[in-house]
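Let's walk through this one together, from the overall layout down to a few side chains. Keep the viewer open as you read.

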Amino acid sequence: MHMNQRATVVAVCLGLLLAAATYAQEQPVKYYRTVQFLKVPADSEQAYLEFLRTNTRRIVQLGMKSEGIVSWAVLKLVYEGSPAQDYNYVATVLHAGTPMDPSMDEQDQMFRRATGISRQEYNQKLMGLRTSAGSLLAAVEAAVPGSKLEEGNYISVTHWKITPMQGDAYADSVKQFLLP
């Protein structure tokens with residue numbers, strides 16, 4: 001291969017790499033939030049919160065490094081609103097991209113690294129402290145950049161029912177209202 005041909009091949013490869021990097025940067029990350037509604041009996045609250053602050057926090061921290069988890073929070077209802085809810089805690093995880101479902105072996109290894117117990121043992125302990133009243137997976141359509149959840153914050157949540165075929169119009173209006 002001549003010098004000019006090599007230079008051309010190198011230039012084309014560099015151009016393709018630059019185009020691929022630019023394309024990857026232009027593709028916005030779609031965020032998803034998982035939400036679980038939980039009922040924790042009053043006599044289990046302290047043990048439940050301690051379990052979360054130790055074992056669950058360690059698992060989530062590992063997930064933040066390898067599973068696309070952006071944030072995790074557990075919220076305690078301080079006002080139920082109307083109608084009354086069948087839960088008193090809400091656990092929420094924000095994912096960058098579609099939530100991954102690692103294999104059971106990978107999950108078990110992660111749980112053992114983080115807590116010293118298997119995923120099955122972890123779930124048994126957790127199920128002894130609370131029950132699930134439902135769950136959901138939602139795509140994040142609008143958010144304010146830099147929003148932070150921290151321990152001690154109060155968060156107000158409003159349930160909206162969007163009429164069929166109006167979801168895009170609602171999302172657009174929320175984005176216009178919230179974002180600068």
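Before picking out any residue, one cut-off: a residue counts as buried when its relative accessible area is under 20%, and as exposed when that is over 50%. Keep in mind, too, that what you're looking at is a predicted model.

Start with the big picture. The chain has five helices and four strands, and reading along the sequence they come in the pattern α-β-α-β-β-α-α-β-α. Of its 180 residues, 23% count as buried. If you take the contacts between residues at least 6 apart in sequence, 74% of them join residues at least 24 apart.

Now zoom in on strand β3, which covers residues 89-96. Thr-92 sits in this strand, and because its relative accessibility is 5%, Thr-92 counts as buried. What does Thr-92 touch, once residues up to four places away in sequence are set aside? The list is Arg-33, Thr-34, Val-35, Ser-71, Trp-72 and Ala-73. With Arg-33 there is a polar contact as well, side chain to side chain, at 2.9 Å. Look also towards Ser-135: that residue is 43 places from Thr-92 along the chain, and the two C-alpha atoms are 9.6 Å apart.

Stay in β3 and move to His-95. Is His-95 buried or exposed? Its relative accessible area is 10%, so His-95 is buried. The side chain of His-95 makes a polar contact with the side chain of Thr-34, at 3.5 Å. Thr-34 is thus a name you've met before, since it also touches Thr-92. Not counting residues up to four places away, His-95 touches Lys-30, Tyr-31, Tyr-32, Thr-34, Gly-68, Ile-69 and Val-70.

Next, step back to the loop between β2 (69-76) and β3, where you'll find Asn-88. Asn-88 has a relative accessible area of 15%, so this loop residue is buried. Its side chain reaches the backbone oxygen of Val-40 at 2.8 Å. Val-40 is one of the residues in contact with Asn-88 beyond four places in sequence; the others are Leu-38, Lys-39, Leu-75, Lys-76 and Leu-77.

Finally, over to a pair of helices. Two packed helices are described by the angle between their axes and the distance between the axes. For α3 (residues 104-115) and α4 (residues 119-127), the angle is about 70 degrees and the axes are 8 Å apart. That angle makes α3 roughly perpendicular to α4. On the α3 side, the residues that meet α4 are Met-104, Gln-107, Asp-108, Phe-111 and Arg-112; on the α4 side they are Arg-119, Glu-121 and Tyr-122. By class, this contact has three nonpolar, one polar and four charged residues.

Two of those residues deserve another look for their rings. There are four aromatic pairs by count, and Phe-111 with Tyr-122 forms an edge-to-face one, with 5.0 Å centre to centre and 75 degrees between the planes. This pair links α3 to α4, across eleven residues of sequence. With relative accessible areas of 8% for Phe-111 and 6% for Tyr-122, both residues are buried. Add Phe-51, and the three residues form one aromatic cluster.

Conventions:
Residues are numbered from 1 along each chain as its sequence is written. This is a predicted model: local features need pLDDT of at least 70, side-chain atom pairs count only at pLDDT 80 or more; totals for chains, interfaces and linings use all residues. Side-chain values use heavy atoms; hydrogens and water are left out. Axes are lines fitted to C-alpha atoms, for helices over the stretch in contact, and angles run from 0 to 180 degrees between N-to-C directions. Helices (H or I, at least four residues) and strands (E, at least two) are DSSP runs, numbered from the N terminus. Angles under 35 degrees count as roughly parallel, over 145 as roughly antiparallel, 65 to 115 as roughly perpendicular and the rest as oblique. Contact means heavy atoms within 4.5 Å. Ala, Val, Leu, Ile, Met, Phe, Trp, Tyr, Cys and Pro count as nonpolar, Asp, Glu, Lys and Arg as charged, and the others, Gly among them, as polar. Buried means under 20% relative accessible area, exposed over 50%, partly exposed in between (1.4 Å probe, protein chains only). A polar contact is a pair of N or O atoms within 3.5 Å; within protein, one must be able to donate a hydrogen and the other to accept it, and residues adjacent in sequence count only if both atoms are side-chain atoms. Rings of Phe, Tyr and Trp (its six-membered ring) pair if their centres lie within 6.5 Å; planes under 30 degrees apart count as stacked, over 60 as edge-to-face and the rest as tilted.
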